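Hi,

Here is the structure I said I would pass on. Have a look first, and my notes follow below.

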Amino acid sequence: MAEKKVFTLKQVAQHKSRKDCWLVINGRVLNVTSFLEEHPGGEEVLLELAGQDASKAFADIGHSKAAQGMLLKYQVGVLEGHTVQDQDADKSAALRDAKKDGMSAFIVKDGPTQKYAALAEFVVPLLVAGSYFAYRYVTVVASHA
Ligand code: HEM
């Protein structure tokens, strides 16, 4: 399994160019080459830490849960002497979402309740307006009769 491959910091340090950029975050060895251009914080910060342990910098920014989930997507192994748990439900769900399309974890799906609420929002004002005009029609017609 790719996630279980063990690397030393020396081996990681050999991947520190724009064309081949690895980082260590929380014991995970990550190949972030394809992520450099996509990183919302810019590629420079990643390149500055290329080939090194970036755990502290990553934590100091206060990256979101989505960002933490993305780590798994780029993991190629673990740092020697570290054990990382991949298989708990939360993290594999985060991985699935990150793989699908980055931020999909934030999409809230419409449930049946929301659909009825939307329908009511549309129908109730129509009924009120309809009743008003019906009332006006009746009273105006009555006053002219
Ligand atoms: C593979 C590792 C990384 C991933 C997947 C990642 C992902 C992200 C994501 C998704 C964001 C958007 C904000 C958020 O969701 O938290 C972000 C912002 C940012 N990241 Fe990273 N990041 C990584 C590593 C790093 C490292 C090592 C640094 C080093 C300093 C860094 C610095 C920043 C900065 C400065 C921002 C912008 C924060 C802002 O504008 O508010 N990131 N990153």
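Let me start with β5, since four of its five residues are buried, so this strand is largely enclosed by the rest of the structure. Keep in mind throughout that this is a predicted model.

β5 covers residues 75–79 and runs parallel to β1, with two bridges joining them. The facing residues are Val6 with Val78 and Phe7 with Leu79. β5 also pairs with β4, this time in the antiparallel sense and over three bridges. In that pairing, Val29 sits opposite Gly77 of β5.

Now for the sheet as a whole. It is an open one of five strands, ordered β1-β5-β4-β3-β2, and the pairing is mixed. The edges are taken by β1 (6–7) and β2 (16–17); each has a single partner strand, so one side of each is left without a neighbour in the sheet. As a reminder, strands of a sheet pair through backbone hydrogen bonds, either parallel or antiparallel.

β3 looks much like β5 in terms of burial: five of the six β3 residues are buried, so β3 is largely enclosed by the rest of the structure. On one side β3 pairs with β2, running antiparallel with two bridges, and Lys16 has Cys21 of β3 as its bridge partner. The β2 and β3 strands make a hairpin with two residues between them. β3 also pairs with β4, again in the antiparallel sense, over four bridges. Val24 stands opposite Val29 there, and Val29 is the residue that also faces Gly77 in β5.

β3 and β4 form a hairpin too, with two residues between them. Take a look at Asn26, which is in the loop between those two strands. Its phi is positive, about 50 degrees, although Asn26 is not a glycine. Most residues other than glycine have a negative phi. How buried or exposed is Asn26? Asn26 counts as partly exposed, because 16 C-beta neighbours lie inside 10 Å.

On to the helices. Overall the protein has six helices and five strands, and along the sequence they follow the pattern β-α-β-β-β-α-α-α-β-α-α. The one I would look at alongside the sheet is α4, which lies across β3, β4 (28–31) and β5 and runs at about 75 degrees to β4.

α4 also turns up around the ligand. Which element gives the most to the shell there? That is α4, with five residues. At least two shell residues each come from β3 (20–25), α2 (43–48), α3 (55–61) and α4 (65–74). There are 22 residues around the ligand, and the ones that come nearest are Pro40, Gly41, Ala54, Ser64 and Ala67. By class, the shell has 18 nonpolar residues, four polar ones and no charged ones.

Another spot to check is Gly51, in the loop between α2 and α3. Gly51 counts as buried because 20 other C-beta atoms lie within 10 Å, and 20 or more is the cut-off. Setting aside neighbours within four places in sequence, Gly51 is in contact with Val12, Ala13, Gln14, His15, Lys16 and Trp22. One of these, Lys16, is the residue whose bridge partner in β3 is Cys21. Gly51 and Asn31 are 20 residues apart in sequence, with their C-alpha atoms 9.6 Å apart in space.

Towards the other end of the chain there is something from a record. The UniProt entry, which is unreviewed, annotates residues 116–135 as "transmembrane region". In the model this span is 100% helix and 0% strand, and its end C-alpha atoms lie 28 Å apart.

Two whole-protein figures to finish. Of the 145 residues in the protein, 19% are buried. Among contacts between residues at least 6 apart in sequence, 69% join residues at least 24 apart.

Cheers

Technical notes:
Residues are numbered from 1 along each chain as its sequence is written. This is a predicted model: local features need pLDDT of at least 70, side-chain atom pairs count only at pLDDT 80 or more; totals for chains, interfaces and linings use all residues. A residue is near a molecule or strand if its C-beta atom, placed from the backbone, lies within 6 Å of it. Ala, Val, Leu, Ile, Met, Phe, Trp, Tyr, Cys and Pro count as nonpolar, Asp, Glu, Lys and Arg as charged, and the others, Gly among them, as polar. UniProt positions are given in the numbering used here, feature names are shortened, and annotations may be inferred rather than shown by experiment. A residue is buried if 20 or more other C-beta atoms lie within 10 Å of its own, exposed if 12 or fewer, and partly exposed in between; C-beta atoms are placed from the backbone. Two residues are in contact if their C-beta atoms, placed from the backbone, lie within 7 Å. Two strands pair if DSSP finds at least two bridges between them. Axes are lines fitted to C-alpha atoms, for helices over the stretch in contact, and angles run from 0 to 180 degrees between N-to-C directions.
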